[in-house]
Amino acid sequence: MTISPVQLARSPKQIELKTLNLDADKRFVLWWYGAICRPMHKNHVPRVVVWFRQLHDDGMLGNFFSSTVALTSLGQLRMGSVWENKRSRVQVCYTKQLFNVNFQEEHWTHARSSAMHRNGTGSELIPQDVYPLRFGAGDRSKLLTLKHDQGMLLIPCLEFLRCYGRDQEINRVLTTYGWDEVVHRLRLDEPVTHMSGVRVVDLPWFATDPDAHLLSHLRYDGFTQRKVRGIHAEIENELGPPSSGNRFAFPTIGPWFTGPARIEVEGLEISPGTFLGLRITGYTVPLKPSIHILRSEFPKVGNEEHSGKPHPPRKTREFGEDEITPIGDDLTPDHGTEMLVIADPSIRMLEAAPVTKLTTDKSVSRGSPGPAAQAAEVGAPGEAGGSGKGVGLARFVSDIELEAKGALRDLWNGLQHLQSQHPEILTLLGWFSFEGTTSPNASQELKLLSLGFPEEVEGGNLFSARAKKWVYMYPDEPTKPRGCLVVEVGSPLVHGYLFEVQRRIVSKDSDTGAKEESYCGLAIKTPAGKSPADWIPEVLFQIAEAEGIMKTALANLPSLNGQDYRRSFSNSDEVAGQSTAANALSKLDITFPKRSQENAQTKRKQNPNG
């Protein structure tokens, strides 16, 4: 099959990449990952050559253009993402397929088109009439080739790095440093207490809970150590010393464990029985042994909301699903500037070993708080150096993705689950309407408040032209206004409301299914001395006028005490929506005790909503 003219679907990314040297008034499809380049400074973030093709207005593809970007940015620069003026809001629709494979070494290997071209086999690894590359059959990029029942799956090696660290700092460490430094930075030499039948791993501050699967194997498994150690060694060997003049390396990156596995990719069939996977959307990790995570955290300090991890004690700023932050990935972050957490596209963990967790709060004083964290004007990955430049540390993190039932239903299910676990904390939970709040069961259809208002309201506001279109579920059929789920919540000390807008389904095709629009939610504490009828209608109006962007709506509601929140996920979630619900309630100062030494997977099996 061919993909030109291309079909596009909404897939917003969270960065404006300052270093992209592409014409601002044209659109470009990220087409291919090339070589790893020699970094600009020793131990800086490795850089990658990425290839784009111009996307014309008629959907046809044009010439090739290249740019170099930081390795840590590849989660935002997915193959197929469309970039215009340094931003990406849509991506190419590919076919999604799930493959049953085997990671035993005899079932996979690495290949590249240039090797096949030189040895005169007469065949092309990637047929250039189907998916042309800048250097054609002479392309030197390495691909992982995996056998499956119906043929062969090809995945570019740099894309397979998605199956390593969920936090891109892990992948930076693995590709930047020698083994001794890797061991130190990933805390693989940290003493831990032995537990029978369980692998205990002490995670570094930046690692996510799902990263425990890789890091536990890296600590205990010789095969994993051998494969991971080889990545940096190969990069260093191919680049050689600066005097060698070698500028490019093509590392071999493949499975880090052995045995049966499943992998879900988006791509296209390039020849009968051969599928080119361009975007990994799901994968399995080993099902045993069980893993026990150790974390050491400091209590949050004052009103600055410093990170609870031991290092760095920075103020953190997260971004909603439709927010964008500038990234200068050729810059160096400051010491003492806020940390920017950027959400890479989520990826499903199809199967995984059970994980338990023990978090120890350190009561050791950090000393005086020091100066307030400087606001970041731009973010950058890697090692901090200097101060006063306004450059924040950028973390790129990919969330896990559970089986979802839609943003609104997931939030409600998560809230119900939290109340069932902590009824003494979440004492009030119900769907709000102006006739009263109800506490329905999980199977009832969600009750939403309409975001469509009469256009002429005496003394009231009128929607802008854009909002008039946005407010309907089907813009071409303005008969059904969007709804907004309004949830009334309360604890012994706090009372408030959560607002979630109804999402349109962004259709792709029969192979890739459908996906909802991405929006943040809004949490507002009940204003003193006011009834809901006094202020909730204005909230609904501002949400509609802001086209669902909660931060914008909140800016037009200065008298209300509220915060937006984004969807979130955790490997320890027992139902889809649990982390989102906890995150939303935390904005109202309703918090829950940390779960320690719980087997999340067992709890999921016991929960009918899991």
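Biologist: Which residue of E30 stands opposite Ile 524?

Modeller: In this predicted model, Ile 524 faces Gly 562 of strand E30. E30 covers residues 562-565, and its pairing with E29 is antiparallel, over four bridges.

Biologist: What makes E29 and E30 count as paired strands?

Modeller: The criterion asks for at least two bridges between two strands. E29 and E30 have four bridges, so the criterion of at least two is met and the strands count as paired.

Biologist: In what sense does E29 pair with E26, and which residue of E29 stands opposite Tyr 497?

Modeller: Strand E26 (residues 495-501) also pairs with E29 in the antiparallel sense, over four bridges. Tyr 497 stands opposite Ile 524, the residue that stands opposite Gly 562 in E30.

Biologist: How do you know that strand E29 is mostly covered?

Modeller: A residue is called buried when its relative accessible area is under 20%. In E29, which runs over residues 521-525, four of the five residues are buried, so the strand is described as mostly covered.

Biologist: Why is helix H11 also called mostly covered, and which of its residues are buried?

Modeller: H11 spans residues 578-586, and seven of its nine residues are buried. These are Gln 578, Ser 579, Thr 580, Ala 581, Asn 583, Ala 584 and Leu 585.

Biologist: What covers the buried residues of H11?

Modeller: The cover includes helix H7 (407-421) and strand E25 (483-490), together with E26, E29 and E30.

Biologist: Where does Phe 592 lie, and what does it touch?

Modeller: Phe 592 is in the loop between H11 and helix H12 (600-606). Leaving aside residues up to four places away in sequence, Phe 592 touches Leu 418, His 422, Ile 425, Leu 426 and Leu 585. Its C-alpha is 9.6 Å from that of Gln 421, although the two residues are 171 apart in sequence.

Biologist: Why is Arg 295 called buried, and where is it placed?

Modeller: Arg 295 is in strand E16 (residues 290-297). Its relative accessibility is 5%; the limit for a buried residue is under 20%, and Arg 295 therefore counts as buried.

Biologist: What makes the approach of Arg 295 to Asp 209 a polar contact?

Modeller: The side chains of Arg 295 and Asp 209 make this contact at 3.1 Å. The cut-off is a pair of N or O atoms within 3.5 Å, one able to donate a hydrogen and the other to accept it; the value of 3.1 Å meets the distance limit, so the term polar contact applies. A polar atom of the Arg 295 side chain also lies 2.5 Å from the backbone oxygen of Ala 207.

Biologist: Is Asp 209 buried or exposed, and in which loop does it lie?

Modeller: Asp 209 belongs to the loop between strand E12 (198-202) and helix H5 (212-220). With a relative accessibility of 10%, Asp 209 counts as buried.

Biologist: Why is the pair of Phe 160 and Tyr 164 called edge-to-face?

Modeller: A search of the whole structure finds 17 aromatic pairs. In the pair of Phe 160 and Tyr 164, the ring centres are 6.5 Å apart and the planes stand at 80°. Centres must lie within 6.5 Å, and planes over 60 degrees apart count as edge-to-face; the pair therefore takes that name. Phe 160 is buried at 2% relative accessibility, and Tyr 164 is buried with a relative accessible area of 3%.

Biologist: What makes Trp 470 and Tyr 519 an edge-to-face pair, and which parts does the pair tie together?

Modeller: Their ring centres are 6.1 Å apart and their planes are at 85°, so this pair is edge-to-face. Trp 470 lies in helix H8 (residues 465-470) and Tyr 519 in the loop between strand E28 (513-516) and E29, so the pair ties together parts 49 residues apart in sequence. Both Trp 470 and Tyr 519 are buried.

Biologist: How do you know that Arg 53 lies over the face of Trp 31?

Modeller: Arg 53 is at 4.8 Å from the ring centre of Trp 31 and lies over its face. The distance limit is within 6 Å, which 4.8 Å satisfies. Arg 53 also lies over the face of Phe 64, at 5.1 Å from the ring centre.

Conventions
Residues are numbered from 1 along each chain as its sequence is written. This is a predicted model: local features need pLDDT of at least 70, side-chain atom pairs count only at pLDDT 80 or more; totals for chains, interfaces and linings use all residues. Side-chain values use heavy atoms; hydrogens and water are left out. Buried means under 20% relative accessible area, exposed over 50%, partly exposed in between (1.4 Å probe, protein chains only). Contact means heavy atoms within 4.5 Å. Rings of Phe, Tyr and Trp (its six-membered ring) pair if their centres lie within 6.5 Å; planes under 30 degrees apart count as stacked, over 60 as edge-to-face and the rest as tilted. A charge sits over a ring if NZ of Lys or CZ of Arg is within 6 Å of the ring centre and within 35 degrees of the ring normal.
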